[in-house]
Amino acid sequence: MKTATPSMARAINDRLALDLLLEHGPLTAPQLRTLTGLSRPTVSDLIERLMAGGLIEVTGEAGEDRRGPNARLYGLVADRAHVAGVDVRRDAVNVTVADITGRVVSEARTTIGARADLAALVAKVVGDAVGRRALDTVVVGAPGLVDPRAGELVSPNDVPGWRRGTMASLRERLDVPVILENEVNLAAVAELRTGAASGSEDFVLLWLDDGVGAAVVLGGRLRRGVSGGAGEIGFLDVGGVAFCDLVNSEVIPGLDRDELARRIARGAFAYATLLDPGLVVLGGTTGHEGGDELARLVAGHLRELAPAPTEVRASTVKGNAVLQGAVLTALDLARDHVFG
């Protein structure tokens with residue numbers, strides 16, 4: 001077994017302290033010693049090292065009656081790096097910019113014209129949102145199959161202006177790491193971290209919006225498949241009809257709530273029998289608007305079909321789940337880059 005070198009031990013301790021500051025906010029040296037279990041000299045060296053690296057700074061003092069080095073509060077340098085989450089829909093581009101602590105500092109939106117140069121448009125709205133801030137990583141969510149290895153669409157989507165070379169052009173224009181991910185996968189990240197699937201390592205997100213799809217999370221990790229096609233339930237044949245045609249936004253207004261639930265359950269049944277995830281989350285506009293009532297009806301129909309017990313919950317992510325998942329993913333990457 002290899003033992004940790006002094007430099008490796010320092011790197012591990014530094015990252016532990018930085019993660020604790022992310023979780024708890026500013027801390028004093030004694031608080032860092034208590035939370036890390038490290039010695040006084042080790043924590044003192046750690047603080048000095050992180051301050052010299054521009055990663056933490058003194059943000060105040062703890063307690064009105066305390067003075068001296070032990071009372072100083074140390075916090076992250078929030079503007080050391082920023083990330084951008086991008087949601088490219090069929091009619092608009094939405095951008096959220098957050099600092100390294102995850103605090104949202106800016107948002108922007110623009111519509112997509114029929115003849116848009118999409119790479120130029122996305123680069124502009126990201127640039128407008130970022131301004132003069134230091135940009136570290138961008139994560140883009142878009143409809144379609146994304147090759148996990150190449151980071152490109154496997155086949156064309158229906159976003160105006162999206163063509164071969166769009167991502168390469170965007171990366172060149174922004175000149176920072178730009179990651180492309182399927183938008184439903186990013187919504188699942190948001191559900192896992194802050195939504196209805198929080199605390200669940202295994203679940204399936206059924207996305208019921210202007211597009212129909214799904215995302216699979218097993219063991220707390222997204223499962224994309226070899227070609228990025230894991231979760232593309234829209235193609236599933238249900239009684240001779242594609243699942244997406246049974247529950248898309250055009251047919252839903254003509255269905256009563258129970259019939260809609262019955263149809264959704266037919267799609268959820270495929271995952272319950274093949275993966276036994278234990279939890280299905282209903283996302284997108286339909287999942288949000290249906291709420292707990294629709295989830296209860298779907299669960300009832302699913303019990304009649306599937307032998308494996310499967311809980312059904314409505315999405316609880318507030319706002320744009322795709323954007324939130326994009327920001328969370330970008331923050332993970334940026335923190336690994338900046339914090340080590």
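This passage describes the overall make-up of a predicted protein model, then its strands and selected residues.

The protein has 340 residues, and 50% of them count as buried. Ten helices and 14 strands make up its secondary structure. Along the principal axes, the C-alpha atoms fill a box of roughly 70 × 50 × 45 Å. The accessible surface comes to about 16500 Å². Carbon and sulfur atoms contribute 50% of that surface.

Contacts across the sequence were also counted. Among contacts with a separation of 6 or more, 63% link residues 24 or more positions apart. The protein carries 36 positive and 44 negative charges. The mean positions of these two sets are 5 Å apart.

Strand β13 covers residues 279–283. Five of its five residues are buried, so the strand is largely enclosed by the rest of the structure. In a regular strand, side chains alternate between the two faces of the sheet. In β13, L279, V281 and G283 point one way. V280 and L282 point the other way. Residues on both sides of β13 are buried.

β13 pairs with strand β8, which spans residues 203–208. The two strands are parallel and share four bridges. Within this pairing, V204 has V280 of β13 as its bridge partner. β13 also pairs with strand β14, residues 311–314. This pairing is parallel too, and again has four bridges. Here V281 is matched with R313 of β14. Helix α9, residues 284–305, belongs to the same unit as β13 and β14. Together the three elements make a right-handed β-α-β unit.

β8 leads on to a further set of pairings. Strand β9 covers residues 212–218. Six of its seven residues are buried, and the strand is mostly covered. β8 and β9 are antiparallel and joined by six bridges. W207 stands opposite G213 of β9. A hairpin of three residues connects β8 to β9.

β9 pairs in turn with strand β10, residues 221–223. That pairing is antiparallel, with three bridges. L218 stands opposite R221 of β10. β9 and β10 form a hairpin as well, with two residues between them. G219 lies in this turn and has a positive phi of about 60°.

Positive phi values also occur in two residues other than glycine. D175 is one of them, with phi of about 60°. D175 sits in the loop between α5 (166–174) and β7 (178–182). Its relative accessibility is 67%. The threshold for exposed is over 50%, so D175 counts as exposed. D276 is the other, with phi near 50°. D276 is found in the loop between α8 (257–274) and β13. This places D276 in the loop that precedes the buried strand described above. The relative accessibility of D276 is 45%, and the residue counts as partly exposed.

R103 is another loop residue. R103 lies between β4 (92–99) and β5 (104–111). With a relative accessible area of 52%, R103 is exposed. Leaving aside neighbours within four places in sequence, R103 is in contact with V97 and A98. R103 and V298 are 195 residues apart along the chain. Their C-alpha atoms are separated by 36 Å.

T36 lies in a helix. The helix is α2, residues 29–36. T36 has a relative accessible area of 16%. Buried means under 20%, so T36 is classed as buried. Leaving aside neighbours within four places in sequence, T36 is in contact with L16, L20 and V43. T36 and A17 are 19 residues apart in sequence. Their C-alpha atoms are 7.2 Å apart in space.

How values were computed:
Residues are numbered from 1 along each chain as its sequence is written. This is a predicted model: local features need pLDDT of at least 70, side-chain atom pairs count only at pLDDT 80 or more; totals for chains, interfaces and linings use all residues. Side-chain values use heavy atoms; hydrogens and water are left out. Buried means under 20% relative accessible area, exposed over 50%, partly exposed in between (1.4 Å probe, protein chains only). Contact means heavy atoms within 4.5 Å. Accessible areas come from the Shrake-Rupley method with a 1.4 Å probe; for residues, only the protein chains shown count as cover. Lys and Arg count as positive and Asp and Glu as negative; His and the chain ends are not counted. The place of a charge is taken as NZ of Lys, CZ of Arg, CG of Asp or CD of Glu. Two strands pair if DSSP finds at least two bridges between them. A crossover is right-handed if, with the strands pointing away from the viewer, the path from the first strand over the helix to the second runs clockwise.
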